[in-house]
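User: Hi! I am new to reading protein models, and I would like to go through one step by step. Could you help me?

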Amino acid sequence: MKYIKKNEEPESFTVWKNLANEDWQPSWDDLRKPQKIDVHDSLLQEQGFICCYCGRHITKDISHIEHLKPRKTHQNLALE
């Protein structure tokens with residue numbers, strides 16, 4: 001497995017999460033364009049466009065945002 005030095009999350013993602021209020025809390029299911037695209041792009045760049053599991057070259061078209069811990073059982077970490 002490739003070691004990934006984590007960078008700061010994209011500003012658009014931080015701003016979106018900070019919109020949380022009494023009536024709305026950000027969740028993975030609410031994550032849409034442009035923030036989801038920004039997160040995906042940021043992850044690809046910090047990984048050097050290399051899959052950290054298999055070491056193959058990846059692009060936006062053949063990759064997706066993966067979670068180390070499943071969202072179903074770790075909902076509190078879904079946006080981390």
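Here are some questions and answers about this structure.

Analyst: Happy to help! This is a predicted model, in which local features need pLDDT of at least 70 and side-chain atom pairs count only at pLDDT 80 or more, while totals for chains, interfaces and linings use all residues. Residues are numbered from 1 along each chain as its sequence is written, and side-chain values use heavy atoms, with hydrogens and water left out.

User: How many helices and strands are there in the protein?

Analyst: Helices (H or I, at least four residues) and strands (E, at least two) are DSSP runs, numbered from the N terminus. Counted that way, the protein has 2 helices and 0 strands.

User: What percentage of the residues in the protein is buried?

Analyst: Buried means under 20% relative accessible area, exposed means over 50%, and partly exposed lies in between (1.4 Å probe, protein chains only). Among the 80 residues of the protein, the buried share is 29%.

User: Is Val39 buried or exposed?

Analyst: Val39 sits in helix α2. Leaving aside neighbours within four places in sequence, Val39 is in contact (heavy atoms within 4.5 Å) with Pro10, Phe13 and Ile65. Its relative accessibility is 11%, so Val39 counts as buried.

User: How far apart in space are Val39 and Asn7?

Analyst: Along the sequence, Val39 and Asn7 are 32 residues apart. From C-alpha to C-alpha, the distance between Val39 and Asn7 is 11 Å.

User: Is Ile58 buried or exposed?

Analyst: Look for Ile58 in the segment after α2. Not counting residues up to four places away in sequence, Ile58 touches Leu44, Gln47, Phe49, Ile50, Cys51 and Ser63. The C-alpha atoms of Ile58 and Leu44 are separated by 7.9 Å, with their positions 14 residues apart along the chain. With a relative accessibility of 12%, Ile58 counts as buried.

User: And Lys72, is that residue buried or exposed?

Analyst: Lys72 is also found in the segment after α2. Between the C-alpha atoms of Lys72 and Leu19 there are 23 Å. The relative accessible area of Lys72 is 77%, so this residue is exposed.

User: Which residues does Asp30 contact, leaving aside neighbours within four places in sequence?

Analyst: Asp30 belongs to the loop between α1 and α2. At 33% relative accessibility, Asp30 counts as partly exposed. With those sequence neighbours set aside, the contacts of Asp30 are Trp16, Trp24 and Gln25.

User: Which peptide bond is cis?

Analyst: One partner in this bond is Pro34, found in the loop between α1 (11–17) and α2. The bond has omega near -5 degrees. The cis peptide bond is the one from Lys33 to Pro34.

User: What is the phi of Phe49?

Analyst: Phe49 lies in the segment after α2 and is partly exposed, with a relative accessible area of 33%. Although Phe49 is not a glycine, its phi is positive, at about 55 degrees.

User: Which residues are the closest to the centre of the largest pocket?

Analyst: A pocket is found on a 1 Å grid over the protein atoms alone, as an open set of points where a 1.4 Å probe fits, with protein on both sides within 12 Å along at least five of seven lines; lining residues have an atom within 4 Å of a point. About 1,000 Å³ of space lies in the largest pocket, where grid points are joined across faces, edges and corners and the volume is the space filled by probe spheres set on the points. Of its 34 lining residues, the closest to the centre are Lys6, Leu43, Gln47, Glu66 and His67.

User: Which helix gives the largest share of that lining?

Analyst: The largest share is 6 residues. These belong to the helix spanning residues 35–46, helix α2.

User: Finally, what does the C-alpha trace of the protein span along its principal axes?

Analyst: This value follows the C-alpha trace of the protein. Along the principal axes, the span is about 45 × 25 × 20 Å.
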